[in-house]
Each structure stands twice: as structure tokens, then as C-alpha cells.
Amino acid sequence: MTITGPEGNPKGRILYAVTGWEPANWLNEFARAAPDRAVVTAPDGPPDPSVRYAAVWKHPPGILSSLPNLQVIFSVGAGVDHIFLDPDLPDVPIVRIVADDLTARMSEYVVWQVLDHLRHGRLFREQQAKHIWAEPNQPSAADITVGIMGLGVLGTDAAHKLRHLGFNVTGWSRTPKQVDGVTCHAGNAQLDAFLGASDIVVVLLPLTQDTKGLVNRDMLMKMKPVTPLGGPVLINAGRGGLQVEADILAALDREEGKRGALMAASLDVFETEPLPRESPLWRHPRVTITPHAAASSDPRHLVPQIVRQIEDFEAGRPLQNLVDRDTGY
Ligand code: NDP
Ligand code: OXD
């Protein structure tokens, strides 16, 4: 167990239970933002009654139920599916991250990938390697409709930025939405219309019981067979569990112009992470892979927000960005 901050302090301690990320920067930020509060990195031994808050990412299942006085769980990511993997999840409020820094990073990723597909990035990199000077047909942003699955915090910001660049933007959410300049679709009844209108589909959905495996053969068959880019393009920065990778690979290898054929894919998230070395996605010439890095959680921006929420909570003010356990996001 590591403890930072003062011991024997009456203020509720914070458990930092994060798997796979370097803890030093987070602990430094907690020390800076909450110098009067102890942070515990891994409780062992008897249940720790002084821990009242937990900041988690893929925490070891069962660790939270061992804390008798836990009052709030904070996800240090925007997504919370990792929290629901714990079968012994205590019945306390769950708060997720909504932060301008993270939102801006995600929109940068979406805009970067959309522009790379529009501006033939892959082709030009190939041509450069072979010293080929040739200009392909170049559609403009106004010729392309980008469809965003998930019109939440991240999807809405990306939609605005793509609109600003001149793309047509359509969106899909669970409940009806109104977003300036965006044609909005909602619910399963409007999914086909949404897919049929989109040249590039960007997935920014949370992983829930309802969305698991949604990006599958059935969905790919409903995408436009022909677009100004040749065929449809898929970009997934939501969660790997949303996609069926065997179906995406099959769609990439289907004959161009045929229904269900995918022109290219940009994938930031995968069914298994890290993406196994033997996955054929690594070597597919029309797949762009990033290592779940579309929008990193930066402790400089996120820790002060968590500490502020704890202070508000202790002062009797309501928590923000609460997760709905029924919908799973
Ligand atoms: P929000 O909760 O703000 O938005 C989620 C959106 O998805 C909402 O528009 C919601 O609809 C929609 N949605 C949820 N379930 C369904 C459904 N069954 N059918 C249709 N639409 C649905 O989340 P964020 O925008 O903040 O984040 C989205 C996801 O992005 C996160 O859950 C996480 O998985 C992922 N993420 C990935 C990162 C990365 O680095 N790759 C970084 C950060 C987040 P409604 O508006 O009706 O509620
Ligand atoms: C997140 C993520 O959910 O990094 O924030 O994926």
C-alpha cells in the first residue's frame, strides 16, 4: 500500500485503483490539488474505513466492496463500462469524467481521421514510398456526410468541428437530440436511415448491454455501398466491445462497390486490448490503428475536477456527470 498526503487526517481518503497507467503523475496531481487529503493506492490488510472516495480505471473486482465507508466512485475515464465489470460493485453514486481537455483531444482524433480519409492520406503515403506523382479524384468536405454514432459530450463536439470544416453531419443517439446544423436520428427505428445517409461512420458510443457488438455484419450491410470516397469508412473510438472484428475484416475484403464492403477503417479501440500481435488488423493495408489513444485522460485536467467534486459533495452540493446504472452510461 502507498499513502500520499497526511495520515491521521479526518478528511475522507481517496483510493486510487487504476490498472495499466503510470500512477506517479496522478498521485502528484492529487497531492497538489488535495494536499490535506490522503490517497491510498492499493488497500491491503483489513478494510479501510477512512477511504470514502475511489478514483478507478479497470480496478481489481471486489476491491471497492471491501471499503465499508465508500461514498462515491469516480471513473478517471469518460467511459464507465470498466466499472460495471465488477460483480461486487457497491451501491454508491458513480461519476464520470467530462472535461474540455478530453473532449478536445477526441475531436482532434476524429477530425484527423476524417480528413485523412477525405484527403487520401493512405494513398499519398504509399505513393511517396514509391516516388509516384499522381493526383486522384478529390471530393471536398461538402461532398461527404459524416455520421456520428453517439451524440453525447464527445460526439456533439466532434459534430460541431466537422461542420465547421464544411462536412455534412448526421448523428444517432438513444433519445432524440437537437444539434445545430446536424441531422439527428434516434433509436433503433432510425438506425437504418442514419447508416444509409453516412459516407463515414464515426462510433462514439458507450459500451452497454444495448450497444455491445453493434458494429457487426448486419450494421455494415446497411452502410452505403458507394460513396464519394469509393466506399464507406468506419472510425471507432468508442469501445472495442462495440465492434465484431471478424465482421470488419470480412467487410474490408469484400469486393469494392458491393453492399457490406468497407473501404477503410480507423480503429482506436479493440475487442482485446492491447490488440494481440497476431491480429490480422495490424497488417491490413486499409486499417489505421491507434492504441486506445484517441483521448487520453490527463491528470492535470482531471484530478482538480475530481477533487472539486469531492469538496462540493462534502459541502452538500450535488455531484455532476453522474452515471445512470440502468442505461449503463
Ligand atoms: P455520453 O454519455 O456523453 O454520450 C453517449 C452517447 O451515446 C449519447 O448520445 C447516447 O444517447 C448515445 N447512446 C448510448 N446508448 C445508445 C444506444 N443504445 N443507441 C443509440 N445511442 C446510444 O458519452 P461521451 O460522449 O462522453 O463518451 C462516449 C464514449 O467514448 C465513452 O463511453 C467511451 O467509451 C468512449 N471514449 C473513448 C476514448 C478513447 O480514447 N478512445 C476516450 C473517451 C471516451 P443519448 O444522448 O440519447 O443519451
Ligand atoms: C475513456 C477512455 O473512457 O480513455 O476516457 O477510453
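Select ligand 2 and G79 in this predicted model. A polar backbone atom of G79 sits 2.7 Å from an oxygen atom of the ligand. Protein covers 89% of the 210 Å² of accessible area that ligand 2 has on its own.

Keep ligand 2 on screen and add A78. A backbone N or O atom of A78 is 2.6 Å from an oxygen atom of ligand 2. Next add the side chain of H292, where an N or O atom lies 2.5 Å from an oxygen atom of the ligand.

Now show the whole shell around ligand 2. The residues to select are W57, G77, A78, G79, L102, R239, H292 and A295. Coloured by class, this shell shows four nonpolar, three polar and one charged residues.

**Ligand 1**

Move to ligand 1 and start with R96. A polar atom in the R96 side chain lies 2.9 Å from an oxygen atom of ligand 1. How much of ligand 1 does the protein bury? On its own the ligand exposes 940 Å², and 92% of that is buried by the protein.

Two backbone contacts come next. Select G238: one of its polar backbone atoms is 3.3 Å from an oxygen atom of ligand 1. Then select A295, where a backbone N or O atom is 3.0 Å from an oxygen atom of ligand 1. A295 also belongs to the residues around ligand 2.

Widen the selection to the shell of ligand 1. There are 29 residues around this ligand, and R96, T175, K177, D268 and Y329 come nearest. By class the shell has 15 nonpolar, eight polar and six charged residues.

Switch to a cartoon view to see where the shell comes from. Helix α2 (100-118), helix α4 (153-164) and strand β8 (168-173) each give at least two residues to the shell around ligand 1. Colour by domain as well: domain 1 (3-97 + 297-314) and domain 2 (100-289) each contribute at least three residues to this shell.

**The second largest pocket**

Hide the ligands and select D81, H82, L85, L207 and G241. What do these residues mark? They are the closest to the centre of the second largest pocket, out of 26 residues that line this pocket. The space in the second largest pocket is about 670 Å³.

Extend the selection to the full lining. Six of the lining residues are nonpolar, 11 are polar and nine are charged. Domain 1 (3-97 + 297-314) and domain 2 (100-289) each supply at least three residues to the lining of this pocket.

**Two backbone stops**

Most residues other than glycine have a negative phi, and most peptide bonds are trans. The last two selections depart from this.

Select E273 and P274 and display the backbone. The peptide bond joining E273 and P274 is cis, with omega about -5°. P274 is in the loop between β12 (264-267) and β13 (287-289).

Finish at K58. Which sign does phi of K58 have, positive or negative? Phi of K58 is positive, near 50°, and the residue is other than glycine. To find K58, follow the loop between β4 (51-57) and β5 (72-75).

Terms used
Residues are numbered from 1 along each chain as its sequence is written. Chains are lettered from A and ligands numbered from 1 in the order in which they are written. This is a predicted model: local features need pLDDT of at least 70, side-chain atom pairs count only at pLDDT 80 or more; totals for chains, interfaces and linings use all residues. Side-chain values use heavy atoms; hydrogens and water are left out. A residue is near a molecule or strand if one of its heavy atoms lies within 4 Å of it. A polar contact is a pair of N or O atoms within 3.5 Å; within protein, one must be able to donate a hydrogen and the other to accept it, and residues adjacent in sequence count only if both atoms are side-chain atoms. Accessible areas come from the Shrake-Rupley method with a 1.4 Å probe; for residues, only the protein chains shown count as cover. Ala, Val, Leu, Ile, Met, Phe, Trp, Tyr, Cys and Pro count as nonpolar, Asp, Glu, Lys and Arg as charged, and the others, Gly among them, as polar. On a 1 Å grid over the protein atoms alone, a cavity is a set of points where a 1.4 Å probe fits but cannot get out, and a pocket is an open set with protein on both sides within 12 Å along at least five of seven lines; lining residues have an atom within 4 Å of a point. Grid points are joined across faces, edges and corners, and a volume is the space filled by probe spheres set on the points. Domain bounds come from an automatic or database domain assignment. Helices (H or I, at least four residues) and strands (E, at least two) are DSSP runs, numbered from the N terminus.
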